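Here is a short tour for anyone who likes to read a fold from its strands outward. Have the viewer ready and follow along.

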Amino acid sequence: MLFTREQQLKLIAAVANAPSVHNVQPARFHFTGDNIYLLEDLTRRIPCGDPMGRDTGFSLGIAAEGLRIELANQGYSLVDKGEFDSDIGFGNNIKTCRAFEITKGAGKHPLAEFVTKRYSQRGNFNKVLPRDTAAAKSLSDDNIISVTEKEDLKEIGKIYDAASLRFFRDDNFREELLSWMRLSKKHPKWSIDGLNYDAMAMSEFEAKAAGIVLSKKIFPLIDKIGLGGPITAEAGKVIGSAGVILLHRPKTESHYESGRHFYLTWLKIVANGFQAAVMASLADDIECQNLLCNKYNIGNERRIITTFRIGRSDNMAIRARLKPEDLLL
Ligand SMILES: Cc1cc2nc3c(=O)[nH]c(=O)nc-3n(C[C@H](O)[C@H](O)[C@H](O)COP(=O)(O)O)c2cc1C
């Protein structure tokens, strides 16, 4: 055994800083000899928000990339031995996804120091200065389009709100989302998983109101009188961003592989002094996906994996995470 259980737990605690959709934390890990298996806890799926398993696939790729970064810090490489779906004996709710071998020899990852600095910033960003716009613009590369023009941010804010409202109008989507929201500090999973109101940049009062407004019965009534849009709108936050990042990758790429790029892009954003909030609906909503691909000349063979609004901020909320003992099987 390359690592003692204590070392494994320490490693996994560091990997757990990585993001996951709704903070469901679907990845589990099993060490055996020089090998590590990446596993998925199937009870953490979100069938309404992620019917195709795309966000879960991204989250597993993100977790693996997190593992690669932490191992590199200790001088080890993670050699991908590919998909592995044989049952290795953890029961029906645990799916084996991938096998890796750990080998000696790796330098510290250049983005490693940003793992603990990254977080979802769902509130407003600091006032955007011209140098922030310039820095945001410079993030563009072969996989990233950085949109910084005010008019473009306005348009993106508008289509983002329209897409979000389409999702919020689905009763099952809201019910599932609410089940992952922690709208009271007394919630037993407040600091363990899901989205607590601090992480969502809500006050205690707003959290209480959100629980009522998003409920199956109340939201349709509110929407009927034309308030569904205004209460879910975030365009103001998009306009107040230094930029919106469109991450695009080949259409043929696996969700797992795209997830790795998702994480590396987020860390690159942080390495450049920004924080980010994911706006997944712009990629998930087919109308928005097509509109953005057309407008920003993203080729037919590529797709937008996700979008981030970015800006300067320094209000990190305390992370809610499962204990490493729960992630290590
Ligand atoms: C695939 C994926 C999709 C996500 N979609 C959204 C989203 O649509 N809106 C949002 O506010 N956060 C989104 N997030 C961010 C997660 O909710 C966040 O990473 C998680 O709650 C952990 O919090 P942290 O990023 O502060 O560590 C997404 C993250 C991932 C990995």
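## The β1–β2 hairpin

Phe31 has Ile36 of β2 as its bridge partner. Thr32 is likewise matched in β2, where its bridge partner is Asn35. These pairs are a good way into a model that, please keep in mind, is predicted.

The two strands, β1 and β2 (residues 35–41), run antiparallel and are joined by six bridges. Two residues lie between the strands of this hairpin, and Gly33 takes a positive phi near 55° there. As background, strands of a sheet pair through backbone hydrogen bonds, either parallel or antiparallel.

## The sheet around the hairpin

Now step back from the turn. β1 and β2 belong to an open sheet of four strands, ordered β1-β2-β4-β3 with antiparallel pairing. Its edge strands are β1 (27–32) and β3 (76–83), each of which pairs on one side only. Neighbouring strands here are turned against each other by 30° on average, with direction ignored.

A helix goes with this sheet. Helix α2 (residues 54–73) lies across β1, β2, β3 and β4 (94–104), and α2 runs at about 150° to β3.

## A second four-stranded sheet

Further along the chain, another open sheet of four strands has the order β5-β8-β10-β9, again with antiparallel pairing. Which strands stand at its edges? They are β5 (144–147) and β9 (275–278); each has a single partner strand, so one side of each is left without a neighbour in the sheet. From one strand to the next, the twist averages 30°.

Inside this sheet, strand β8 (residues 243–250) and strand β10 (residues 302–311) run antiparallel, with eight bridges between them. One residue pair to look for is Ile245 with its bridge partner in β10, Phe308.

## Two domains and their contact

The protein is divided into domain 1 (5–116) and domain 2 (130–311). Their C-alpha centres lie 24 Å apart. How many residues of each domain take part in the contact between them? On the domain 1 side there are 23, and these are in contact with 25 residues of domain 2. The domain 1 side of this contact divides into twelve nonpolar, eight polar and three charged residues.

## Glu206 up close

For a single-residue stop, try Glu206, which is placed in helix α6 (residues 204–213). Is Glu206 buried or exposed? The answer falls in between: Glu206 has 14 other C-beta atoms within 10 Å, so this residue counts as partly exposed. A residue would need 20 or more such neighbours to be buried, and 12 or fewer to be exposed.

Glu206 also makes a handy ruler. Leu247 is 41 residues from Glu206 in sequence, and the C-alpha atoms of the two are 31 Å apart in space.

## The whole chain

Taken together, the secondary structure comes to 13 helices and ten strands. The C-alpha atoms fill a box of roughly 60 × 45 × 35 Å along the principal axes. Why does the radius of gyration agree with a compact globule? With 329 residues, such a globule would have a radius of gyration near 20 Å, and the protein has 20 Å.

Of the 329 residues, 39% count as buried. Among contacts with a separation of 6 or more, 78% come from residues 24 or more positions apart.

Notes: Residues are numbered from 1 along each chain as its sequence is written. This is a predicted model: local features need pLDDT of at least 70, side-chain atom pairs count only at pLDDT 80 or more; totals for chains, interfaces and linings use all residues. Domain bounds come from an automatic or database domain assignment. Two residues are in contact if their C-beta atoms, placed from the backbone, lie within 7 Å. Ala, Val, Leu, Ile, Met, Phe, Trp, Tyr, Cys and Pro count as nonpolar, Asp, Glu, Lys and Arg as charged, and the others, Gly among them, as polar. Two strands pair if DSSP finds at least two bridges between them. Axes are lines fitted to C-alpha atoms, for helices over the stretch in contact, and angles run from 0 to 180 degrees between N-to-C directions. The radius of gyration is taken over C-alpha atoms; the globule rule is 2.2 Å times the number of residues to the power 0.38.
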